[in-house]
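Let's take a walk through this structure together. Have the sequence and the model open side by side, and follow along as we go.

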Amino acid sequence: MPTAPSLRHALLDDTAAALGKDYLQQLVNSLARHSGAQLVFISQQLTLPVRHVEVIIANTSAHPGRYALAGTPCEQVILQQQAVVHHSGVNRHFAAEQDTAWQSFAGWPLLDKHGHCMGHLALFDERANVLPDTLLQDIAPFATRAAAELQRLEHERISSSRASWDALHSHFLRQYIQGKPLPTLLGDVVLHIEQALPGWLCSILQVDDTQCLRPLVGPSLPQAYTALIDGLAIGPMVGSCGAAAWHRKRLVAEDLQQHPNWAPYRELARQFALGSCWSEPIIDSKGKVHGTFAVYHHAPSAPTLEAITVIEDTARLLAVLMENDANRQALDSRTQWYQAILQNAADALSIIDMEGRLLEASDSLCKLLGYSQAELRQLRLWDLVAHRDEAELREQLQHTSEQGETFDSYNRTKNGDIIEVEVCVRRLILDGQPVIWGSARDISLRKQQERQLREQATIDSLTGLHNRPTLLGQLDALLASPSRPGLALLMLDLDHFKQVNDSYGHACGDATLTHIASQLRQQLGPHDCAGRLGGEEFCILLPGTTAQAAQRYSQHLLDTIAQQPLQFGGHSIALTASIGLTLLEPGDDSRSLLARADMALYQAKHQGRNRMVMLPP
């Protein structure tokens, strides 16, 4: 094996120019080549608690793939988070079915910025006593760099997944706004999740007015099982879904044969080969429990952090859809009742001549607009219709047909308010003269809900800033501008955010993100734009700015965050952030801008945090 300096220099020469996955591959190849080791690989742990790891990068295709940790030297590296070297007898640590000729071993844990082990770098050699005592120390800097690259790859994967889910949720909200029926939409949501996550058996249950469970969607569950759930009353110990709805919080049953809530239903679970059930309540903005979203597996299974995020996000989407559908049904029911009154009592009706005079008006129309019968007869149609002039309305009167038409319009009330109305008009002959028969109903509430739905599809619900798809759309629009004005892009990430969650709870974490979003909004200019990319990461777009102005803005923002601690639950919590800054350069697109800002943010973190870094062109 080469001496320590020559090995370090060789590794540095081979890997210095590489990034990301290329760096990891170059590292294992170079370490194997220069050390003479037969096997060098990088692993990633699969789930908590850590029992298995999976080889993701290796110098040879003949690697162990996914394997159990128990009894191997890798277990000490990952679980105790310390570098280890064995000079001989490594093959004794493997099970008989894993018979190997390995004699020497060296391993380094790969730790993220929070000190959690993501996997390890491992070296195996069939020769005994060939690894120098200084090897662990010599390779340590390369292992640290490998950990950073592994974390970057994981961050990119999570960000990409987060962006995909955000875009998907916006897609479903748009479909609902466009009139797609709720049952069809719920089926589409479940179908997409099951296709994206094989092995998931998803179910949506509704809690009816009698507090009983009613199946809505569950395409992959046996129909006989779904039928047995129908009508089951919720309760504190009723399986996963009944308890989740009752307690208004997530219930995870990792093993249905062991969980106490499933004691009365164990035979049922065994009969239909169901091993686990994770259930999330669907709670709307007013605190009403509409139902539950549940994920079953055939085998006992514990959710990962990523799985919990998917479940929470899906439940939030379902809450928006189900709440607005309930409101729409209430409005439709009320509208049908109003229509019956109109048909029998001639309410909300008017008769208008071709000069725009109101010859007749029903009492409900008077109430809608705030005028008396006598006052309405003194007015013309253009006195009551907003946003349209007299000439346009006269022309519409002339072209109204006997078949009639229905359209949305705006009326002006007596006190000056503008209300949105749905208008039905038809030409009639009255006393030998053409007149227009019309009816109107107030649709302001429905239109307001539609606008709220559109906003929910573009706004991050926690912070009130733009969500990721909307912010990236704003960035693309700026870059597509013919003038392409100067642009600064800031990537801001909170420092030690996980410690806030661990020390004070997730409610404090949410309050922290809201607090930072408020500070961002206060700093924005009239043409600036800010959004949440996901987690504790934010992005700010400053069009038409200079490098000096962007640096001053960034430093002022960092100072504001550091000088205004969060007040939560009697605690004053000091906060800091790191910023990666980049400027628009010729040939840039959104991907290159974001990548450069992310690289600058990475450097700001590794230079000590609570600072801004701007990469040179």
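Is Gln 211 buried, partly exposed or exposed? Gln 211 is partly exposed, because its relative accessible area is 42%, and a residue has to be under 20% to count as buried or over 50% to count as exposed. Keep in mind that we're looking at a predicted model here. To find Gln 211, go to the loop between strand 7 (201-207) and strand 8 (213-217). Its backbone has a little quirk: phi is near 65 degrees, a positive value in a residue other than glycine.

Now jump along the chain to Arg 609, which sits in the loop between helix 19 (590-606) and strand 23 (612-614). Arg 609 isn't a glycine either, yet it has a positive phi of about 70 degrees. With a relative accessible area of 18%, Arg 609 is buried.

Next, back to strand 7 and the inside of the protein. The largest nonpolar core is made of 29 residues, and Trp 200, Ile 204, Phe 293 and Leu 318 are the ones with the most contacts inside it. Which elements give two or more residues to this core? They are helix 4 (135-177), helix 5 (182-196), strand 7, strand 10 (276-283), strand 11 (289-297) and helix 9 (305-345). Helix 9 gives the most, with eight residues.

Zoom in on Ile 204 for a feel of the packing. Leaving aside neighbours within four places in sequence, Ile 204 is in contact with ten or so names worth clicking through, among them Leu 186, Val 190, Pro 215, Ile 282, Phe 293 and Leu 318.Let's move on to a sheet. Five strands form an open sheet in the order 13-12-16-15-14, with antiparallel pairing. Strand 13 (358-361) and strand 14 (405-412) stand at the edges; each has a single partner strand, so one side of each is left without a neighbour in the sheet. On average, neighbouring strands here are turned by 30 degrees against each other, ignoring direction.

Follow strand 14 a bit further. Strand 14 pairs with strand 15 (residues 418-430) in the antiparallel sense over eight bridges. Along this pairing, Tyr 410 stands opposite Glu 420 in strand 15.

What packs on the sheet? Helix 13 (residues 390-399) does, touching strand 12 (349-353), strand 14, strand 15 and strand 16 (433-442). The direction of helix 13 makes about 45 degrees with that of strand 15.

Terms used. Residues are numbered from 1 along each chain as its sequence is written. This is a predicted model: local features need pLDDT of at least 70, side-chain atom pairs count only at pLDDT 80 or more; totals for chains, interfaces and linings use all residues. Side-chain values use heavy atoms; hydrogens and water are left out. Helices (H or I, at least four residues) and strands (E, at least two) are DSSP runs, numbered from the N terminus. Buried means under 20% relative accessible area, exposed over 50%, partly exposed in between (1.4 Å probe, protein chains only). A nonpolar core is a set of buried Ala, Val, Leu, Ile, Met, Phe, Trp, Tyr and Cys residues joined through side-chain atoms within 4.5 Å. Contact means heavy atoms within 4.5 Å. Two strands pair if DSSP finds at least two bridges between them. Axes are lines fitted to C-alpha atoms, for helices over the stretch in contact, and angles run from 0 to 180 degrees between N-to-C directions.
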